[in-house]
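User: I would like to go through the salt bridges and one helix packing in this model, with the cut-offs spelled out as we go. Could you take them one by one?

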Amino acid sequence: MATTYDLAVIGSGPGGYVAAIRAAQLGLKTAIVEAEELGGVCLNWGCIPTKALLKNASVLHTIKHSDTFGIAVDGIKPDYTKAVDRSEAVVKKQTTGLGFLMKKNKIDVVKGRGRLVGKGKIAVDNGQEITAKHIVIATGARPRLLPGLTADAKVVYTAKEAVHMRDLPSKLIVLGGGAIGVEFAFVFANYGVQVTIVEMADHLLPREDAEVAAVLERAYKKLGIEVLTGHKVEKVEQRADGVKVSLSSAKGTKELEAPKLLVGIGFSPNTENLGLETLGVKTDRGFIVADDFGKTNVEGLYAIGDVTGKAMLAHVASAMGVICVEHIAGHHPTPINYDRIPSCTYCEPQVASIGLTEEEAKKRGLDVKVGKFPFAPNGKAQALGETDGFVKLVVDTKYGEIIGAHMVGPEVTELLSEVGLGMTLETTATEIDLTIHAHPTLSEAIKEAALAAIGQPIHM
C-alpha cells in the first residue's frame, strides 16, 4: 500500500533537502527519496570534502613558507591519508547533522532509487510506493567523462573518486581548468604531485574575468603547476599503469603521460531511469525543462537544481528549492535573478565573482566604467602575506549602480556577499564609498575599487 504525502522530493542534495525542510516548515507532509547518501554530491563528494582538503593544503603551503613569518620549521612530514581522514570526518558531521534536521522537521527519509510510474506516483526500488500531490525532482548531475574513459579510481578519476584518493601519484594530468580542476590541482601540487592542467579555452576558469584568471595562472606556475591553455584533447589512452593524452593547439601537437588522470570537464544530468518518458516530461539535452518556479510541463511535477541545467551550483539549487515549495504552498516567491549568482573557487588565491563582466555588459549595450584596486597596498593583505590579486567592480555609468564584481585574492569568497547584498539593493559605487569599512580589513579593497570607479581612489 502506498504512503501518501503532500510533497515528495527525489534526491537529497542541497536542492532536495532544502526544499524538503522548507516544505515541512510550511506544513506540508513531506518525504525525501535518496538512492545514496543524504546531502548528495555537495556534502559527500563535492563542496564540503574538497574545502576540507583545500584547508589542509593551505596549511601545508603556509608551513613551507613559514620563514616569511619568522618561524623555522624542520622535518615537515605531510600525511595525505590524514588529510583525507579529516575531510571524511567533516563530511560525517555534515551528514549526521542533516539526518537530525530530517527528524526535527518530521520528514520521512526513504532509502532507495525512486522512479515515476504515473502522475503523483513513485516506485522505490526497495519495494515501497509513494503517492504525492506534488513531486520535486532534485536528482542533480554527475561528472562527465570523455568517450571511452572509465572512472576506475585507480588511473582515471572524477571529483567523486578524487576526494577519497589516498595514494598520491608522482604526476597527475587534470583535464579541465574550471573550478574542480584548479581546486584539486592546488591540493595535489602542495603535496608534491607534479600537476599539469589542460584547458581548451584560452585561460583557466573560462567563465571568469580574463584578468582574474591571469593572476591565478601566475600563482600556479609559481607553485610548479604546468598550465596548458588553448589545448584540445584529441585522444586519451587509458592503461593499467597510467594514461597517455594526445593534445593539439595552435602551436602543434603534444603528448602527456602520467600514472593518474583527473577529469573535470563538466556534468551530465541524472535523468536516466527516472520514468520521465512515462509522463512525457519535456527535456533539453537531457536536462529537465522547468520554469522560474520549478514547474515542468506535467502538472504537479517540478524540477530544481543541477538536473535543470540552469546554474549548476549548490547555492542556486537551494534557492530554487525554497522558491519551488513556497510557490507550491501558495506563496509568491521572487524568482532568481540569474545575473546575480555568486560564483566562488576556493583555490589560492581565491576567485569570486557576481554579475556581469565588463565585456558582457558592453555586449548588452550598457555604458559602464570599471573600478579596480589591487590587494598589494592593502594593510591587512600585507599583514597576512597574501597580496596577489585585486577587486574589480563594473559600474553602470548612467545610474552608478554596481552590476558586476570580480575578485581574486585572499578570502575573496567571503568578501563577495557584501557586493551581492549591495546588488540586490541596487547599490551604487558612491553608496559603497559612504559605507565606512573597518581598518585594517580586506574589505577595504572593495571600497577602494568603488572609489576608483568614481575617480576618487585614496590609496592608489
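Analyst: R142 and E272 form a salt bridge, with 2.8 Å between the closest N and O atoms; the term stands for a side-chain nitrogen of Lys or Arg within 4 Å of a carboxyl oxygen of Asp or Glu. R142 sits in strand β7 (residues 141–143) and E272 in the loop between β16 (267–269) and α8, so named because helices (H or I, at least four residues) and strands (E, at least two) are DSSP runs numbered from the N terminus. This pair links distant parts of the chain, 130 residues apart.

User: On what basis were these values computed?

Analyst: This is a predicted model, in which local features need pLDDT of at least 70 and side-chain atom pairs count only at pLDDT 80 or more, while totals for chains, interfaces and linings use all residues. Residues are numbered from 1 along each chain as its sequence is written, and side-chain values use heavy atoms, with hydrogens and water left out.

User: Is E183, which meets K51 in a salt bridge, buried or exposed?

Analyst: The side chains of E183 and K51 come to 3.2 Å, N to O. E183 lies in helix α6 (residues 179–190) and K51 in helix α3 (residues 47–64), so the pair ties together parts that are 132 residues apart in sequence. Buried means under 20% relative accessible area, exposed over 50% and partly exposed in between (1.4 Å probe, protein chains only); K51, at 25%, is therefore partly exposed. E183 has a relative accessible area of 8%, so E183 is buried.

User: Which residue forms a salt bridge with E277?

Analyst: E277 lies in helix α8 (residues 276–279), and its partner lies in strand β4 (residues 114–118), so the pair ties together parts that are 162 residues apart in sequence. E277 counts as exposed at 56% relative accessibility, whereas the partner, at 31%, counts as partly exposed. With the closest N and O atoms 3.2 Å apart, that partner is R115.

User: How many salt bridges does the count come to by this rule?

Analyst: Side chains of opposite charge can pair when their charged atoms come close. In this model D209, E211, K372 and K392 are linked in a network of salt bridges. By this rule the count comes to 20.

User: At what angle do helix α1 and helix α9 pack?

Analyst: Helix α1 (residues 16–25) and helix α9 (residues 314–328) have their axes 8 Å apart, the axes being lines fitted to C-alpha atoms over the stretch in contact, with angles running from 0 to 180 degrees between N-to-C directions. The packing angle is about 35°.
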